[in-house]
Amino acid sequence: MDWLIIDEAGQAKPQMAVGGIWRAKYTVAVGDPLQIEPVVTTPPSIYTDLANYFDISSSSYFSPHSSVQSIADLGNPYGKNLAGTWIGLPLWVHRRCLNPMFKISNEIAYDGNMVLATQENDTFTFSGQSEWIDVKGESVARQYVEAQGERLLILLQTLIDDNDGSLPNVYIISPFKKVADELKILLKKRLPTMVSGENSIKAWVRESVGTVHTFQGKEAEIVIFCLGVDETQKGAAKWATDKPNLINVAVTRAKYRLYVIGDKNIWRHLPYMETVEKSLTW
């Protein structure tokens, strides 16, 4: 074939694309290494041993964090360094999110280089403003905090009422699979009493609730970012904020409104979350 176009290349492991690249005359990799990275289960020590054996001196070419996009960028002479990462042909014009989502993403991941070109949507009539809803509580199942689930229901009811009783265009996202799983159980149980008319609740929950990885490349009018974690789970919160990637993806799934539900005392001073908290304070 003549052309191979690899979308979401920042999330693809390099070895996944080798066969296609070998068969194509030209390859275009489209992705963002500052969003979700490839999911790798191989221990880092294996990468180190193989790199030593084959005398691969640069970890940029061979590491658990390498992606099709990052490898392609290394061969691109046109680009920019961002936080020590070489980005080939960065697309600076942003056309998905309004503020504060754009502002958060631009600050935590792109050194303020992006240009906002998203137009206001006159058909989006929800009157609420993006905000961080501070909810404390004890986790009842790993990172899941029951009080945050209950607060989510209150916010969701407001959105449903504003949508004439129907399920709204909302993504409910968490950094943690256990939180997403518990929210799915909660919503399947409680949503039937909250909506009017015929609504496919199971399908809506399946498509609208999940981890950040679930929603890479997708978008919704509103995102509810349910953080989870109590005082005994601070290590999990530090893992989620180790890099800007996860926060960047979660925030930019929202086109018009972002709601964060979580304990500010735990999250607000962690890397990148301070920017989120400041941007959602008004």
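Trainee: Which side chain meets that of E150 in a salt bridge?

Mentor: Let's start with the general idea. Side chains of opposite charge can pair when their charged atoms come close. A salt bridge here is a side-chain nitrogen of Lys or Arg within 4 Å of a carboxyl oxygen of Asp or Glu. In this structure, the partner of E150 is R190, at 3.2 Å from N to O. E150 lies in helix α5 and R190 in helix α6 (residues 177-190), so this pair ties together parts 40 residues apart in sequence.

Trainee: Before we go on, what kind of model is this?

Mentor: It is a predicted model, in which local features need pLDDT of at least 70 and side-chain atom pairs count only at pLDDT 80 or more, while totals for chains, interfaces and linings use all residues. Residues are numbered from 1 along each chain as its sequence is written, and side-chain values use heavy atoms, leaving out hydrogens and water.

Trainee: How many salt bridges does the rule give?

Mentor: The count is 13. Among them is K178 with E182, whose closest N and O atoms are 3.2 Å apart. Both residues lie in helix α6, 4 residues apart, about one turn of the helix. R96, E219 and K255 are linked in a network of salt bridges.

Trainee: Is E182 buried or exposed?

Mentor: Buried means under 20% relative accessible area, exposed means over 50%, and partly exposed is in between (1.4 Å probe, protein chains only). E182 is buried, at 19%, whereas K178 is partly exposed, at 28%.

Trainee: What span should helix α5 have?

Mentor: First, helices (H or I, at least four residues) and strands (E, at least two) are DSSP runs, numbered from the N terminus. The expected span of a helix is 1.5 Å times one less than its number of residues. For the 17 residues of α5 (residues 146-162) that gives 24 Å, and the end C-alpha atoms are 25 Å apart, which agrees. Buried residues in α5 include L152, L156 and I160. Just after α5, D164 takes a positive phi of about 60 degrees.

Trainee: How many disulfides are found in the whole structure?

Mentor: A disulfide is a pair of cysteine sulfur atoms within 2.5 Å, and the search finds 0.

Trainee: Why is there no bond from C97 to its closest cysteine sulfur?

Mentor: That sulfur belongs to C226 and is 20 Å from the sulfur of C97, too far for a bond. C97 is buried, with a relative accessible area of 0%, and C226 is buried too, at 1%.
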